[in-house]
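Reader: Could you walk me through how to read helix packing and strand pairing in a model like this?
Author: Sure, let's look at it together.

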Amino acid sequence: MNNKQLYKETFDAMQMSEESIRKVKNMSEKMNQKRRLKTGFRAAIAAACLVAVFAIGNAAVYASTGSSLVERVSLYINGEKTDVDRITREKDKNGNDYYKIELDGKKEKSAGISTAGDVLNPDHVETPDSAKSENIPARLEKEGRKIYLLMEEGEKKIDITKDFEDGRAEGEFQHSGKTCRYIVSGTVEEHTIDIEAE
Amino acid sequence: MEQSVYIKAVDTHANTLYRIARTYCRHHADAEDVVQTAFMKLYETDTEFQDDEHMKKWLIRVTANEAKNLCSSFWQKNVVPLDASGTDQPYDFPCPENSDLYDAVMKLPNKYKMVIHLYYYEEYSVKEIAEILQRKETTIQTQLMRARRQLKIKLKEAWQDEQ
């Protein structure tokens, strides 16, 4: 028997136990589980880091500017504070742009601001900015069969009966030396008055 | 690494690695730990193996390094287990020459054990051993020669003279 044969015969007796081999084989499954856990843990840490960075950034911005990165927009409608969920820009039937504001997650409870800056309340009754700026309070009044547009607390009274028959009345009037233009649309009960100074 | 490839590698190479680890480590449990670590590294490695032989050489190198790291630590060198069964396990050798050779090899310095084992058991050439252990060919040749000489002194007639 030569040296190689003797050596091989001797060390052939050295065998790893079956149980140890089985353990080594099962290690791969354990490592897979660990790897999955590790991946999940890493993702959670990354998410936590992002949140932390955002929070720190927000705090830093708040400290330096006095306002945070994320702000809750609220509107006061009829004196009631209402949170704004979403603002979208849309077009009306006439092709005019307006902003639709969703309040408290309810679409039906919405208000709008026209691009001209006029504020629409939840009942879609327009309160013109121009009228406000000119301080011209305006309202409709029905006297018998006549319909009047009353302005300046009744000092100015325009008969719009005929004009308003088709649901829309337009005209001009003088106010403080300026020519103002009014547009009344809708019905006597539910209408919109738009007054613009030219 | 795919599960099926890993399982096949364990089936094929577990005993080879165990023998290599066992030549380094005095304790059976340490050798098994070394083998487990080597296979864990295999499972996690991104190395693309050209063939089974390439994988085997890679595993041998990892096992040798792991065994060196584990068995050359201060703890391993200086701590003797209370349980006598935890030390070197005797094997059922067919004849006394095997037992003598086993004892003689285990008493060799660690740097010679690996070279002797790879040469006589795995039948690698000096060049291949040099590649696996990342040493010079001349170093391997010298270590092989010295190891043979020591074995000859211990085993006398049982170990044949070689060039």
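What follows is a short talk about a helix pair and a sheet.

Author: This is a predicted model, where local features need pLDDT of at least 70, side-chain atom pairs count only at pLDDT 80 or more, and totals for chains, interfaces and linings use all residues. Residues are numbered from 1 along each chain, chains are lettered from A in the order in which they are written, and side-chain values use heavy atoms, without hydrogens and water.

Reader: What is the secondary structure of chain B?
Author: Chain B has eight helices and zero strands, with helices (H or I, at least four residues) and strands (E, at least two) taken as DSSP runs numbered from the N terminus.

Reader: At what angle do α3 and α7 of chain B pack?
Author: Generally, two packed helices are described by the angle between their axes and the distance between the axes. Here helix α3 (residues 52–71) of chain B meets helix α7 (residues 126–133) of chain B at about 60°, with the axes 9 Å apart. The axes are lines fitted to C-alpha atoms over the stretch in contact, and angles run from 0 to 180 degrees between N-to-C directions. So α3(B) is oblique to α7(B); under 35 degrees is roughly parallel, over 145 roughly antiparallel, 65 to 115 roughly perpendicular, and the rest oblique.

Reader: Which residues make the contact?
Author: B:K57, B:I60, B:R61 and B:A64 from α3(B), and B:E128, B:E131, B:I132 and B:L133 from α7(B), where contact means heavy atoms within 4.5 Å.

Reader: And how do the strands of chain A pair?
Author: Strands pair through backbone hydrogen bonds, either parallel or antiparallel. In chain A, three strands form an open antiparallel sheet, ordered β7-β8-β9; two strands pair if DSSP finds at least two bridges between them. β7 (138–143) and β9 (156–159) of chain A each have a single partner strand, so one side of each lacks a neighbour in the sheet.
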